[in-house]
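Biologist: I've got a model open on my screen and a list of "how do you know" questions. Can you take me through it?

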Amino acid sequence: MKILIINGPNLNLLGTREADIYGTKTLDDISASLRSLAGELDVEVDIRQSNHEGEIVDMIQNARGYAAIVINPAAYTHTSVAIRDAIAAVNIPAIEVHLSNIYRREEFRHKSLIAPVAHGQISGFGPDSYGLGLRAAVSVATHAEKGTS
Ligand code: CA2
């Protein structure tokens, strides 16, 4: 089983600044943990990052063959109809993840355009949000394969 993990804009800066909000781990650190967890769960992961909305849309459109998508759309969470439409268009379950608890932050972060088309959302567990997201993705995809819910 292959899971696609997509990181949105500025997440390449993780660990370099705003450590009070996003922690000290870099995206490479988080990716290493995810690869290790993927080994334990016996699944494959492809981990990508882009600062560009259209590139993220392309990643989602080209996700045929992946059993699920784990996505941190970052700031596009709150603005991108294009990413939402791409997720809705492909028949692949998506798990939305956030490092911070977006509902405890500024009002403009409380609205996710992605949540209504995601299978579920995990928000506020720091880097662990990704591991929880991967576990959720594997669970959802396994049930989909077996035709259970
Ligand atoms: O909490 C999350 O994971 C967010 O998706 C992170 C986004 C933010 O716009 C969302 O509201 C919540 C921001 C990612 C930017 O990450 C940075 C990391 C280091 C320095 C600057 C930005």
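Modeller: Sure, here is a chat about the sheet, the helices and a few single residues. Keep in mind that this is a predicted model.

Biologist: Let's begin with the sheet. What makes it an open sheet with edges, and what is the order of its strands?

Modeller: There are five strands, in the order β2-β1-β3-β4-β5, and the pairing is parallel. β2 (44–49) and β5 are called edge strands because each pairs on one side only. On average, neighbouring strands are turned by 20° against each other, ignoring direction.

Biologist: How do you know that β4 and β5 pair?

Modeller: Two strands need at least two bridges to count as paired. β4 and β5 have four bridges, in the parallel sense, so they pass. One example is I95, whose bridge partner in β5 is G120.

Biologist: And what about β3, how many bridges join it to β1 and how many to β4?

Modeller: Five bridges join β1 to β3, and three join β3 to β4. Both pairs run parallel. With a cut-off of at least two bridges, both therefore count as pairs. For landmarks, N7 stands opposite N72 in β3, and V70 stands opposite I95 in β4.

Biologist: Why is β3 called largely enclosed?

Modeller: Because five of its five residues are buried. Both faces are covered: A68, V70 and N72 are buried on one side, and I69 and I71 on the other. That fits the general picture, in which side chains of a regular strand alternate between the two faces of the sheet.

Biologist: Take N72, then. Why does N72 count as buried?

Modeller: Its relative accessibility is 4%, and buried means under 20%, so N72 qualifies. N72 sits in strand β3.

Biologist: What makes the pairing of the N72 and Y130 side chains a polar contact?

Modeller: The distance is 3.2 Å. The limit is 3.5 Å between N or O atoms, with one able to donate a hydrogen and the other to accept it, so the pair counts. Leaving aside neighbours within four places in sequence, N72 is also in contact with residues including I6, N7, L11, V97 and H98.

Biologist: Which helices pack on the sheet, and which strands do they touch?

Modeller: α2 touches β1 (2–7) and β2, and its direction makes about 165° with that of β2. Helix α3 (residues 53–61) touches β1, β2 and β3 (68–72), and its direction makes about 170° with that of β1.

Biologist: How do you describe the packing of α2 and α5?

Modeller: Helix α2 (residues 27–41) and helix α5 (residues 128–146) pack at an angle of about 30°, with axes 10 Å apart. The crossing is right-handed. On the α2 side the contact is made by I30, L34, L37, A38, E40 and L41, and on the α5 side by Y130, G131, L134, R135 and V138. These residues divide into eight nonpolar, one polar and two charged.

Biologist: Now R105. An arginine in a loop, so is R105 buried or exposed?

Modeller: Buried. R105 has 18% relative accessibility, and the cut-off for buried is under 20%, so R105 counts as buried. R105 lies in the loop between β4 (94–98) and β5 (120–123).

Biologist: Which side chains make polar contacts with the side chain of R105?

Modeller: Y22 is one, at 3.0 Å, and S100 is another, also at 3.0 Å. Each pair is within 3.5 Å, so each meets the distance limit for a polar contact. Leaving aside neighbours within four places in sequence, R105 is in contact with I21, Y22, S100 and H110.

Biologist: Last topic: phi. What makes E18 and A74 worth flagging?

Modeller: Phi of E18 is near 55°, a positive value in a residue other than glycine. A74 also has a positive phi, about 50°, and is not a glycine. E18 is in the loop between β1 and α1 (19–22), while A74 is in the loop between β3 and α4 (81–89).

Biologist: Why is E18 called partly exposed and A74 buried?

Modeller: E18 has a relative accessible area of 46%, which falls between 20% and 50%, so E18 is partly exposed. A74 comes in at 15%, under the 20% cut-off, so A74 counts as buried.

Conventions
Residues are numbered from 1 along each chain as its sequence is written. This is a predicted model: local features need pLDDT of at least 70, side-chain atom pairs count only at pLDDT 80 or more; totals for chains, interfaces and linings use all residues. Side-chain values use heavy atoms; hydrogens and water are left out. Buried means under 20% relative accessible area, exposed over 50%, partly exposed in between (1.4 Å probe, protein chains only). Contact means heavy atoms within 4.5 Å. Axes are lines fitted to C-alpha atoms, for helices over the stretch in contact, and angles run from 0 to 180 degrees between N-to-C directions. A crossing is left-handed if the near helix is turned anticlockwise from the far one by less than a right angle, and right-handed if clockwise. Ala, Val, Leu, Ile, Met, Phe, Trp, Tyr, Cys and Pro count as nonpolar, Asp, Glu, Lys and Arg as charged, and the others, Gly among them, as polar.
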